[in-house]
Amino acid sequence: MFTRREALRLAVVSAAGAALVPSVMAQQDDTFFTWKPAAGAKVAFGYGGNALVLAGKDAALLVDCKNAPFGDCLRREAGPALKHVVNTHHHADHTGGNHAFTKDIKLIAQINATPRILGQMNRYVSQLKEAITQLADAKGPAADQVRAEARAVYARVEHLKATDFVPAITFDTDEKLDVGGIEVNLHHYGPGHTDNDLVVHVPSKNLLHTGDLLFHQRHPYIDLDGGASTEGWVKNLAKLIALCDAKTVVVPGHGEITNVEGLKGQVRYFEVAKAAIEKAYKAGKSRKEVAEMSIPELGTLEGDGIRPIAFGAMYDELKHANAK
Ligand SMILES: [Zn+2]
């Protein structure tokens with residue numbers, strides 16, 4: 001059973017997760033995920049954060065593993081050359097599928113991810129439960145296979161252990177991989193979206209996977225309990241912008257593939273939202289009022305269900321800073 005606090009947390013994260021599930025289950029002919037090309041790599045959309053597959057000569061890299069029910073499917077569609085798997089941070093929509101890889105591939109993450117992954121087994125279990133409903137209307141052979149896989153994982157859920165989800169290799173600030181002759185750099189720039197974000201930079205392809213440091217044209221999920229800091233987040237974004245030129249292909253954690261302008265848009269989001277929230281805070285608005293306010297200057301964004309969570313978190317940060 002969950003404690004009341006855990007249940008509340010679950011409800012919030014589920015609401016956020018639900019908003020990230022595409023309303024139309026877009027599918028290509030023979031794959032379950034919608035795959036799109038990105039600078040010689042490919043990106044899988046739907047059922048969790050954007051997952052990237054980069055193939056070198058005799059090895060491939062997977063970045064992020066989607067929700068728990070979809071790990072087996074992701075592994076199948078990523079192809080047999082997979083040698084490296086990276087988690088951009090601990091959130092369950094990026095690590096839920098880890099169980100499909102940990103037996104024979106050494107997963108890589110930032111060092112602060114491990115205890116958080118170990119502590120969220122309940123999230124993975126609820127993802128497996130939710131999948132049965134989520135997949136109810138999905139049609140076609142690929143969906144049938146995924147539905148069967150999700151049921152099979154759920155059937156052995158009692159045998160799944162938190163250690164089936166944890167990375168085998170961790171690092172603090174920087175790590176370098178050789179993916180079949182392609183140099184891949186992992187960087188952690190301090191707290192941002194969580195306290196364990198890493199970005200994946202492929203200089204020879206001019207390609208960057210930002211993890212959830214970028215919610216492209218969406219309200220961002222700000223997880224203060226997971227170590228988020230919007231001040232740190234903006235500092236992270238400055239580092240990412242410095243890695244880019246005008247041609248860099250930028251793969252966000254959520255939203256469509258973009259370029260450096262997407263990163264600048266995320267910086268603007270925080271500038272605009274924080275200014276409006278600070279003004280409301282100083283005018284004596286309550287947390288509830290701030291969480292529910294609308295900020296027209298932000299324009300139309302996806303993920304409106306996350307908006308009150310985002311604004312509420314920024315209110316909490318402001319209150320905390322003023323209490324010092
Ligand atoms: Zn996240």
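**Exercise 1. Place Arg287 in the fold and describe its surroundings.**

Step 1: Arg287 sits in helix α9 (residues 287-292); helices here are DSSP runs of H or I with at least four residues, strands are E runs of at least two, and both are numbered from the N terminus. This is a predicted model, in which local features need pLDDT of at least 70, side-chain atom pairs count only at pLDDT 80 or more, and totals for chains, interfaces and linings use all residues. Residues are numbered from 1 along each chain as its sequence is written.

Step 2: Count neighbours. Arg287 has 14 other C-beta atoms within 10 Å, so Arg287 is partly exposed. On this scale, 20 or more other C-beta atoms within 10 Å make a residue buried, 12 or fewer make it exposed, and partly exposed lies in between, with C-beta atoms placed from the backbone.

Step 3: Look along the chain. Arg287 touches Gly312 and Tyr315, leaving aside residues up to four places away in sequence; contact means C-beta atoms, placed from the backbone, within 7 Å. Lys319 is 32 residues from Arg287 along the chain, and their C-alpha atoms are separated by 9.5 Å.

**Exercise 2. Check the length of helix α5 and find where its buried residues lie.**

Step 1: Helix α5 (residues 121-134) has 14 residues, which at 1.5 Å a residue should span 20 Å; the expected span is 1.5 Å times one less than the number of residues. The end C-alpha atoms of α5 are 20 Å apart, in agreement.

Step 2: Buried in α5 are Arg123, Tyr124, Gln127, Leu128, Ala131 and Gln134. Down the axis of α5, these buried residues fall within an arc of 140°, so they line one face of the helix. The arc is taken over the directions from the helix axis to the C-beta atoms.

**Exercise 3. Repeat the analysis for helix α2 and name its packing partners.**

Step 1: In α2 (residues 71-78), Gly71, Cys73, Leu74 and Ala78 are buried. Their arc is within 160°, so they too line one face of their helix.

Step 2: The buried residues of α2 pack against β2 (41-45), β3 (51-55), β4 (60-63), β5 (82-86) and α6 (141-155).

Step 3: After α2 comes Gly79, with a positive phi near 100°.

**Exercise 4. Work out which strands stand at the edges of the sheet that contains β8.**

Step 1: The order is β8-β9-β10-β11-β12, an open sheet of 5 strands with mixed pairing; two strands pair if DSSP finds at least two bridges between them.

Step 2: β8 (174-179) and β12 (249-251) each have a single partner strand, so they stand at the edges.

Step 3: β8 runs antiparallel to β9 (residues 182-187), joined by 6 bridges, and Leu177 stands opposite Val184 in β9.

Note on methods:
Two residues are in contact if their C-beta atoms, placed from the backbone, lie within 7 Å.
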